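Biologist: I've got a new structure open and I'd like a close look at just one part of it. Could you pick a region and walk me through it slowly, with its surroundings?

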Amino acid sequence: MDIAIVCASHSDAVLEANLRRSPMIREGARPLHLERDATSAAVAYNRALQATTAEVVVFAHHDTYLPRGWDALLKRRLAEVAAVDPDWALFGPFGVGLDASHIGPVWSSSIGLIVGRVPTAPTRVQSFDEMVIVMRRAAGLRFDETLPGWHMYGTDIVTQARSRGLHAYAGALPTIHNDRYHDHLRQDFVDCYQAMRAKWRDQLPLRTPIIKISRSGLHLYKNRWQDYRSERFRANMSVGIAHAPEHLASICGWSDLTASAKD
Ligand SMILES: [Mn+2]
């Protein structure tokens, strides 16, 4: 299976400290296609789709780390998905199920936790965490360049697929997200929320990994209030971003996923 890794990065330092250290990239087994200076995630990712030909495209944040054997395990998970849904559109290591449960597992440095229910079979989702999104090129999807910024495109692409009768899945594919702590009070996040709320008015509510997009939009204010109240507590959970990703994979027990891909 032909797999391309795509990354939109604005920081060589973050890229070199994380994604670029993934064994399959460092050792040259998989090409890394970089996009820089895009005005939005959608613009960057559509450019990358145009510039690559692989049948499976992995869109990864520059602050992720894909442990040894990750690509072999991805292939196995995609085979499991294809066995039940040959027309699958999307896959990811972390998503929100149709029942609103969070599906993983992934490590997140911003909260110092392994998060996500571990499904025994690939499970349909309504959104992805944007840390990693896997697309089957033949599904014919494109990211929506009318949406602003760098948030919620993992929810939009899934909703686009579903509105065309296609499906998105999450399944057990351990991945490191060495993300820094940040609150969700910023204006660019609000802009993305409001754009999604207007675009998918007839499909709401939709649950992203961090917020419920509702018709009323009241969840935006509820989350902002909760963020405000719990900010210090949540900030204290963060382990920072200075840990080597190999060490984070090691403490999770994910240094080598090769055996998981075979059993
Ligand atoms: Mn990230």
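Modeller: Let me get one convention out of the way: axes are lines fitted to C-alpha atoms, for helices over the stretch in contact, and angles run from 0 to 180 degrees between N-to-C directions. Contact here takes two residues whose C-beta atoms, placed from the backbone, lie within 7 Å. Helices (H or I, at least four residues) and strands (E, at least two) are DSSP runs, numbered from the N terminus. This is a predicted model, so local features need pLDDT of at least 70 and side-chain atom pairs count only at pLDDT 80 or more, while totals for chains, interfaces and linings use all residues. Residues are numbered from 1 along each chain as its sequence is written.

I'd pick helix H4 and the sheet under it. H4, residues 70–84, lies across five strands: S1 (3–8), S3 (56–60), S5 (90–92), S11 and S12 (168–170). Its direction is at about 135° to that of S5. Helix H5 packs on the sheet as well, where it touches S5, S10 (123–128), S11 and S12. Between H5 and S10 the angle is about 130°.

Now look at H4 by itself. From its first C-alpha to its last it reaches 22 Å over 15 residues, close to the 21 Å expected (1.5 Å times one less than the number of residues). Which of its residues are buried, meaning that 20 or more other C-beta atoms lie within 10 Å of their own (12 or fewer makes a residue exposed, and anything in between partly exposed)? They are Trp 70, Asp 71, Leu 73, Leu 74, Arg 77, Leu 78 and Val 81. Look down the helix axis and these buried residues fall within an arc of 155°, taken from the directions from the axis to the C-beta atoms, so they line one face of H4. Over on the other side of the helix, Ala 79 and Ala 83 are exposed.

On to the sheet itself. It is an open one of nine strands with mixed pairing, and the order is S2-S1-S3-S11-S5-S12-S10-S6-S7. (For two strands to pair, DSSP has to find at least two bridges between them.) S2 and S7 are the edge strands; each has a single partner, so one side of each has no neighbour in the sheet.

S11 deserves a longer stop, as both H4 and H5 touch it. Five of its five residues are buried, so the rest of the structure largely encloses this strand. Val 132, Val 134 and Arg 136 point one way from S11, while Ile 133 and Met 135 point the other way. Its pairing with S3 is antiparallel and runs over five bridges, with Ala 60 opposite Val 132. S5 also runs antiparallel to S11, joined by two bridges; there Phe 91 has Val 134 as its bridge partner.

Out at the S7 end, S6 (residues 95–97) pairs with S7 in the antiparallel sense over two bridges, and Val 96 stands opposite His 102.

Some backbone details sit in the connections to these strands. As background, most residues other than glycine have a negative phi, and most peptide bonds are trans. Met 152, in the loop between S11 (132–136) and H5 (153–163), has a positive phi of about 70° without being a glycine. It counts as buried because it has 28 C-beta neighbours inside 10 Å. Asp 37 is another non-glycine with positive phi, about 65°, in the loop between S2 (32–35) and H3 (41–51). With 9 C-beta neighbours inside 10 Å, Asp 37 counts as exposed. Then, in the loop between S7 (102–103) and S8 (106–108) you find Pro 105, joined to Gly 104 by a cis peptide bond with omega about 15°.

S8 takes you into another open sheet, of four strands in the order S4-S13-S8-S9, again with mixed pairing. S4 (64–65) and S9 (113–115) are its edges, each with a single partner, so each has one side without a neighbour in the sheet. Three bridges link S8 and S9 in antiparallel fashion, with Ser 108 opposite Leu 113. Helix H8 (residues 245–252) lies across S4, S8, S9 and S13 (175–177), at about 125° to S13.

For the wider setting, the protein has nine helices and 15 strands, and 41% of its 263 residues count as buried.
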